[in-house]
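Trainee: I would like a close look at the side-chain links in this model. Please start with the cysteines, then take the charged pairs one at a time.

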Amino acid sequence: MPAQKPLDGRRIGLVGLGRRGLAVARHLTEAGARLHVWTQNTEKARTLGNAHPLIEVEPCPRDVARYTEATLIAVNNDAALERVIFDPEEDRFGVLHGTQSDGLIVDIGETSPGTTRKFADRVRQSGRIWLDAPVTESALGGTITIGGTDIALARIWPFLNALGKKVLHAGPVGSGQTVRTCGASIHGQMVQALAEGLALAAASGVEADALLAALTDSAVGGAVLSESGRRMADREFRAGRTVREQAALAHQALELARTVGIELTGLANNTAHWQTLLDDGQGELNISSLILEIAETRKDSE
């Protein structure tokens, strides 16, 4: 007799089957959950459903929510989130239309904090419950940060626990996306600092490999140094987080700063660098390609 899994017999909805959604689907089914899914790419959904006995494909977001305990929304931007939740065009096929009173809707994408709070208010007025628990690549298998009430967290915890090693309650609705936004801001500025350090070393006649080796066991060592530093030294800018993605995250952070009334000059400068790369047609390169823009800035000043 096969060993019992933590989510055996539990049903969860999942809207969106991009890179994030597929990873979430894999983790949840491995834990025994039955998934009801929908994505715009019907062929992708059908292929996934045919290949996995625990996955059932639904014709629209409304039907995903109709048969499940909670619905996870894994879409890529605020506009897509609004479409799948509220169906503003026809007002009948959205997740909200299938969610039972007191049902859970969970934003696991990379939505701006302001948008997730605004949508939470609309959902709350209908008698449903909203949570934000962004599942980024680093959060999947790591720490998932969630915003919402204690009661709602207790209900969704078994599913989130299957996705990460730790579930952290950061505060009220919007807190999960706020933590993610701040983290992305810090990451982006760390990449810029590394690019500037390498550019300074190069201008001073020091090879990138020497600087990276010297910093490995220092206070600035870590994932950014080992991954982005190596990419910068080798000029290898394929795969991983793209400039386009980081630019969007930086703009989210800058908008959050404006909303709460603080001026962050470092963040503003960093956002401008990502935007320059994007404007130059390098949006699909890895974020380590920032070294190119930094190096060009040095040449222009000579």
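Mentor: Disulfides come to 0 in a search of the whole structure. This is a predicted model, so read every value here as computed from its atoms. Two cysteines show the range of settings. C60 is buried, at 8% relative accessibility. C182 is partly exposed, and its relative accessible area is 38%.

Now the charged pairs. The structure contains 17 salt bridges. Take E110 and R20 as the main case. Their closest N and O atoms lie 3.9 Å apart. The cut-off for a salt bridge is 4 Å, so this pair counts. E110 sits in the loop between strand 5 (104–107) and helix 6 (113–125). R20 belongs to helix 1 (residues 19–30). The pair therefore ties together parts that are 90 residues apart in sequence. Both ends are covered: E110 is buried, and R20 is buried too. The pair also has a further partner. R20, E110 and R241 are linked in a network of salt bridges.

Next, a bridge inside one helix. The side chains of R124 and D121 meet at 2.6 Å, N to O. Both residues are in helix 6, 3 residues apart, so about one helical turn separates them. An α-helix has 3.6 residues a turn, so residues three or four places apart point the same way. Here the setting is partly exposed at both ends. R124 has a relative accessible area of 49%, and D121 stands at 36% relative accessibility.

A third bridge joins two helices. D209 pairs with R230, and their closest N and O atoms are 2.6 Å apart. D209 lies in helix 9 (residues 208–215), R230 in helix 10 (residues 223–234). This pair ties together parts that are 21 residues apart in sequence. D209 is partly exposed, at 46% relative accessibility. R230 is partly exposed as well, at 33%.

Helix 4 (residues 78–86) deserves a stop, taken from one end to the other. N77 caps its N-terminal end. A side-chain oxygen of N77 lies 3.2 Å from the backbone nitrogen of A79. The buried residues of helix 4 are A80, L81, V84, I85 and F86. Just after the helix comes D87, with a positive phi of about 45°.

Now set these parts in the whole chain. The chain has 13 helices and 8 strands. Of its 302 residues, 48% are buried; C60, E110 and R20 fall in that class. Now look at contacts between residues at least 6 apart in sequence. Among these, 66% join residues at least 24 apart. The bridge between E110 and R20 also links distant parts of the sequence, 90 residues apart.

Overall dimensions come last. The C-alpha trace spans about 65 × 50 × 35 Å along its principal axes. The radius of gyration of the chain is 21 Å. A compact globule with 302 residues would have a value near 19 Å, so the two agree. The chain exposes about 14800 Å², and carbon and sulfur atoms supply 53% of that area.

Conventions. Residues are numbered from 1 along each chain as its sequence is written. This is a predicted model: local features need pLDDT of at least 70, side-chain atom pairs count only at pLDDT 80 or more; totals for chains, interfaces and linings use all residues. Side-chain values use heavy atoms; hydrogens and water are left out. Helices (H or I, at least four residues) and strands (E, at least two) are DSSP runs, numbered from the N terminus. Buried means under 20% relative accessible area, exposed over 50%, partly exposed in between (1.4 Å probe, protein chains only). A disulfide is a pair of cysteine sulfur atoms within 2.5 Å. The radius of gyration is taken over C-alpha atoms; the globule rule is 2.2 Å times the number of residues to the power 0.38. Contact means heavy atoms within 4.5 Å. Accessible areas come from the Shrake-Rupley method with a 1.4 Å probe; for residues, only the protein chains shown count as cover. A polar contact is a pair of N or O atoms within 3.5 Å; within protein, one must be able to donate a hydrogen and the other to accept it, and residues adjacent in sequence count only if both atoms are side-chain atoms.
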